[in-house]
Amino acid sequence: MSDVVVQGASVTHGSTLAVDDVTLTIGSGELVAVLGPSGCGKTSLLLALAGLLPLRSGTISVGGRELSSGSRTTPPEKRSIGWVPQEASLFPHLTVGENIGFALPRGRGRASRIEELAELVGLGALTGRAPNQLSGGQAQRVALARALASKPDVLLLDEPFAALDTQLRTALRREVAELLRAAGTTSVLVTHDQEEALTLADRVAVMRDGRLEQFGTPEQIYQQPANDWVAGFVGDVVEVEGRWRHGRVSCTFGNVEATAMGFAPADGEAVRLMLRPEWIVPRPDLLATAAAGADARVASISYAGHDAMLTCDLTAGSTVRMRMAAVDLPEVGESLRLAVQRPGLAFPAA
C-alpha cells in the first residue's frame, strides 16, 4: 500500500491550463473520488498520475517516490500504477484468464495468481470464456482483475461504470469498492456522478475549471460545502434570502440557525441561506408564528419511488422544494406548515 501526494500540480494542453495548482494527499489504502463537470481537469489529473501527461509545475509522489515534477516524468510502465478505463477494452482473441494474466510474467505462480484474481472478482468459473461471451459488468470485472494482477501501488479508475445501465452500475460499483478496500489498494476514481462519488469514496476531491474547490469526506462535501458552487453541484439546494441575526438567519422560515460559510457577516447583513431539500420538513404541531416556520401549499410532487420532491408555494410568496420519504406523501393542493430541521448554510448575498 502507498500514499499519493500531489503538491502544487499544474498541467497544460497547449496554451490551456487544464489542472491549476492542485494539492492533495491520498492516504495508503484510501479510495478517493475526483468529482467535477466535463472539462474541469479531473481526467487530466488522472493522466498526470499515470505518467501520460507531464506536469508544467509541482510534483506527484507515490510511497515517498517522486514520479513527476516540472522537469521530469517517470514512464508509465515504471510507476506501479494500474488503470481501469471507461470501456473494459479486453483483448478479443484472449480468454478471460488470459486477459487477467496478460501483464504477468510466465512461470510458476502465474496460473494461481490468475485463479486468485478471477475468484476475487467473482469470475472463477468463467476464465475460459471469450470476452464476447461476457456481460458489460463481467467485462469490467475482468478489466479490474487485470489492473490488479501486478499488485500496483495505486489503481486509477476512469469512469469505469459510465457505460453500464443504472441497476448494474449501482451493484457493480458497490462490489468494486468492497474489493478495493479488502485488497487495501490505494485508488483514485474519476467521475462526474455525484451519487457515485458520495456513496463509494472515503474522501471526495471536487474540481472546477482545473482547480480543487474542496477535498473532504462525503459528509463534509454535502453537509458543509466550501462555497455555493460546490453546494449546488454536489446536490439539490434551496436558496432563501434573509438577514444575519446573531448566528441565525431571519427569513421566510422564521429565525433559522445557520453557519456562515467563508465570511463573517455583520448583524443585520443580507445573506443567502442555503438548505438541502430534505432539511425542510412538515411540522403540523408548530404554531403559525413568524419564528416557527412557514405556511405553504403543495403545488406539485415529483415521485421517485423511495422518496419524492415536493414543490411548495409559501404564503409569503416564494416557492421552495422539499424532499421527503414517499411512504406518507401529502396531496397536491394540501396545506402544510414547514420548518427547517437542521442549521442552514449562510453565504454572502449575491
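**Entry 1. Contacts and overall build**

I started with contacts along the chain: of those with a separation of 6 or more, 64% are between residues 24 or more positions apart. The model I am reading is a predicted one. I counted the secondary structure next and found eight helices and 20 strands. Along the principal axes, the C-alpha atoms take up a box of roughly 80 × 45 × 30 Å.

I then looked up burial and surface. The protein has 350 residues, and 49% of them are buried. Its accessible surface is about 16,200 Å². Carbon and sulfur atoms hold 49% of that surface. For charge, I noted 32 positive and 39 negative groups, with their mean positions 6 Å apart.

**Entry 2. The annotated stretch**

I checked the record for domain limits. An unreviewed UniProt entry carries the annotation "domain: ABC transporter" over residues 4–234. In the model I find that stretch to be 33% helix and 27% strand. Its end C-alpha atoms lie 24 Å from each other.

**Entry 3. Strands at the N-terminal end**

I followed strand β1, residues 4–13, to its partners. One of them is β4, residues 57–62, which runs antiparallel to β1 and is joined to it by five bridges. Within this pairing I matched Gln7 with Thr59 of β4.

Another partner is β2, residues 16–26, again antiparallel, with seven bridges. Here I see His13 opposite Thr16. β1 and β2 make a hairpin with two residues between the strands. Gly14 in this hairpin has a positive phi near 65 degrees.

**Entry 4. Helix α1 and what follows**

Is helix α1 enclosed or open to the outside? I count seven of its nine residues (42–50) as buried, so the helix is largely enclosed by the rest of the structure. The buried ones are Lys42, Ser44, Leu45, Leu46, Ala48, Leu49 and Ala50. I note that Lys42 is on that list. Just after the helix comes Gly51, with a positive phi of about 85 degrees.

I also took a distance from Ala50 to Val340, which is 290 residues away along the chain. Their C-alpha atoms are 46 Å apart. Val340 belongs to strand β19, residues 335–340. Leaving out residues up to four places away in sequence, I find Val340 touching Phe253, Val256, Leu275 and Trp279.

**Entry 5. Positive phi outside glycine**

I went through backbone angles with one expectation in mind: most residues other than glycine have a negative phi. I wrote down two residues that depart from it, Glu159 and His246.

Glu159 has a positive phi of about 45 degrees. I place Glu159 in the loop between β7 (154–158) and α5 (166–183). His246 has a positive phi of about 50 degrees. I place His246 in the loop between β11 (238–245) and β12 (248–251).

Are these two residues buried or exposed? Glu159 has a relative accessible area of 11%, and the cut-off for buried is under 20%, so I enter Glu159 as buried. His246 has a relative accessibility of 69%, and exposed begins over 50%, so I enter His246 as exposed.

**Entry 6. Strand β17 and its two neighbours**

I ended with β17, residues 307–314. Six of its eight residues are buried, so this strand is largely enclosed by the rest of the structure. Which strands pair with β17? I found β16 and β18.

β16, residues 294–303, runs antiparallel to β17, and seven bridges join them. In that pairing I see Val298 opposite Cys312 of β17. The two strands form a hairpin with three residues between them. Gly305 sits in the turn, and I read a positive phi of about 90 degrees for it.

β18, residues 319–325, also pairs with β17 in the antiparallel sense, over seven bridges. Here Thr311 is opposite Arg321 of β18. The hairpin of β17 and β18 has four residues between the strands. In its turn I find Gly317, with a positive phi of about 115 degrees.

Methods:
Residues numbered from 1 in each chain as written. Predicted model: local features only at pLDDT ≥ 70, side-chain atom pairs only at ≥ 80, totals over all residues. Heavy atoms only, no water. Buried < 20%, exposed > 50% of the residue type's maximum accessible area, 1.4 Å probe, protein only. Contact = heavy atoms within 4.5 Å. Areas by Shrake-Rupley, 256 points an atom, 1.4 Å probe, with all protein chains shown as cover. Lys, Arg positive; Asp, Glu negative; His and termini not counted. Charge placed at Lys NZ, Arg CZ, Asp CG, Glu CD. UniProt positions renumbered as here; feature names shortened; annotations may be inferred. Pairing = 2+ DSSP bridges.
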